[in-house]
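Reader: I would like to look closely at one part of this model, with the rest of the protein as background. Please start with the outside and then work inward.

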Amino acid sequence: MKKKIISLLLALAVCLSLCAGAFAAENSYANFGPKRTYENQFEDVPADKWYADEVQLGYEYGFINGVSDTQFAPDKELSVAEAITLACRIYSIYTTGADPVLSELREGEKWYAPYVRYALDKGIIASEYNNYNTPAVRSEVAVIFAKALPAEALTATRKVEDDSIPDVPSSA
């Protein structure tokens with residue numbers, strides 16, 4: 001799952017880099033661009049791995065961090081908390097140009113708590129999850145990411161017929 005998200009982030013980063021501007025604009029793809037420098041700090045992301053460029057772009061654009069200052073954990077499954085955090089960062093960078101909650105962690109809170117509050121406030125998620133540390137299944141990621149950008153920012157490229165994706169029911 002994490003590999004799919006990394007690939008998604010690369011595609012998003014490449015598309016958004018074509019629209020990067022110098023100043024943050026309200027509700028604009030121009031807000032996406034490198035915000036920090038990646039210096040191969042993740043010891044578990046060798047430069048020759050297929051995902052190394054995606055990790056670099058995701059980090060530079062401010063979408064992703066590692067699990068520590070020196071570890072990324074590329075084989076770890078994406079958790080619900082991480083999916084919500086990614087969606088919040090995409091939403092906030094698009095709307096304001098910045099990460100929404102860099103300094104809003106309250107004493108004693110889990111690292112993801114400010115992102116959950118932000119996601120609830122902005123309608124990225126509709127309600128609390130029972131466990132934010134469980135691996136996010138594909139349908140949860142799809143629902144969360146569907147709200148990462150406003151509808152006017154997304155252009156339909158094709159229509160998917162009902163029941164044409166074997167493991168996703170039309171009701172989903």
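Reader: What does the accessible surface of the protein come to, and what share of it belongs to carbon and sulfur atoms? After that, please take me to helix α3 (80-96) and its surroundings.

Author: The accessible surface comes to about 10200 Å², and 53% of it belongs to carbon and sulfur atoms. Accessible areas are found by the Shrake-Rupley method with a 1.4 Å probe, and for residues only the protein chains shown count as cover. The model is predicted: local features need pLDDT of at least 70 and side-chain atom pairs count only at pLDDT 80 or more, while totals for chains, interfaces and linings use all residues. Residues are numbered from 1 along each chain as its sequence is written, and side-chain values use heavy atoms, with hydrogens and water left out.

First, the background. The protein has 5 helices and 0 strands, and its pattern along the sequence is α-α-α-α-α. Helices (H or I, at least four residues) and strands (E, at least two) are DSSP runs, numbered from the N terminus. Of the 172 residues, 41% are buried. Buried means under 20% relative accessible area, exposed means over 50%, and partly exposed lies in between (1.4 Å probe, protein chains only). Among contacts between residues at least 6 apart in sequence, 66% join residues at least 24 apart; a contact means heavy atoms within 4.5 Å.

Now to α3 itself. The largest nonpolar core has 40 residues, and the members that touch the most others are F32, V45, F63, I84, I124 and I144. Two or more residues of this core come from each of α2, α3, α4 and α5. Helix α3 gives the most, with 11 residues. A nonpolar core is a set of buried Ala, Val, Leu, Ile, Met, Phe, Trp, Tyr and Cys residues joined through side-chain atoms within 4.5 Å. In soluble globular proteins, nonpolar side chains tend to be buried together.

S92 is one residue placed in α3. With a relative accessible area of 2%, S92 counts as buried. Setting aside residues up to four places away in sequence, S92 touches G97, A98, D99, P100 and Y118.

Y118 also appears among the contacts of I124. Beyond four places in sequence, I124 is in contact with A87, C88, Y91, Y118, A119, I144 and K147. I144 in turn belongs to α5, where V141, I144 and F145 are buried. Seen down the axis of α5, these buried residues fall within an arc of 90 degrees, so they line one face of the helix. The arc is that of the directions from the helix axis to the C-beta atoms. An α-helix has 3.6 residues a turn, so residues three or four places apart point the same way.

The next stop is W111, in the loop between α3 and α4 (113-122). W111 counts as partly exposed because its relative accessibility is 44%. Apart from neighbours within four places in sequence, W111 is in contact with A81, E82, T85 and L105. Take T85: it stands 26 residues from W111 in sequence, and the two C-alpha atoms are 9.9 Å apart.

E82, another contact of W111, brings in the charged side chains. There are 3 salt bridges in the structure, each a side-chain nitrogen of Lys or Arg within 4 Å of a carboxyl oxygen of Asp or Glu. One joins E82 to K76, with the closest N and O atoms 2.8 Å apart. E82 counts as buried because its relative accessibility is 16%, whereas K76 is partly exposed at 33%. A further salt bridge pairs R117 with E109, at 2.4 Å from N to O. R117 is partly exposed at 26% relative accessibility, and E109 is partly exposed at 23%. The side chains of D121 and K122 also meet in a salt bridge, at 3.9 Å from N to O. D121 counts as exposed, its relative accessibility being 58%, while K122 is partly exposed at 37%.

One last comparison is with α2 (residues 52-60), whose buried residues are A52, E54, V55, G58, Y59 and E60. After α2 comes G62, which has a positive phi near 85 degrees.
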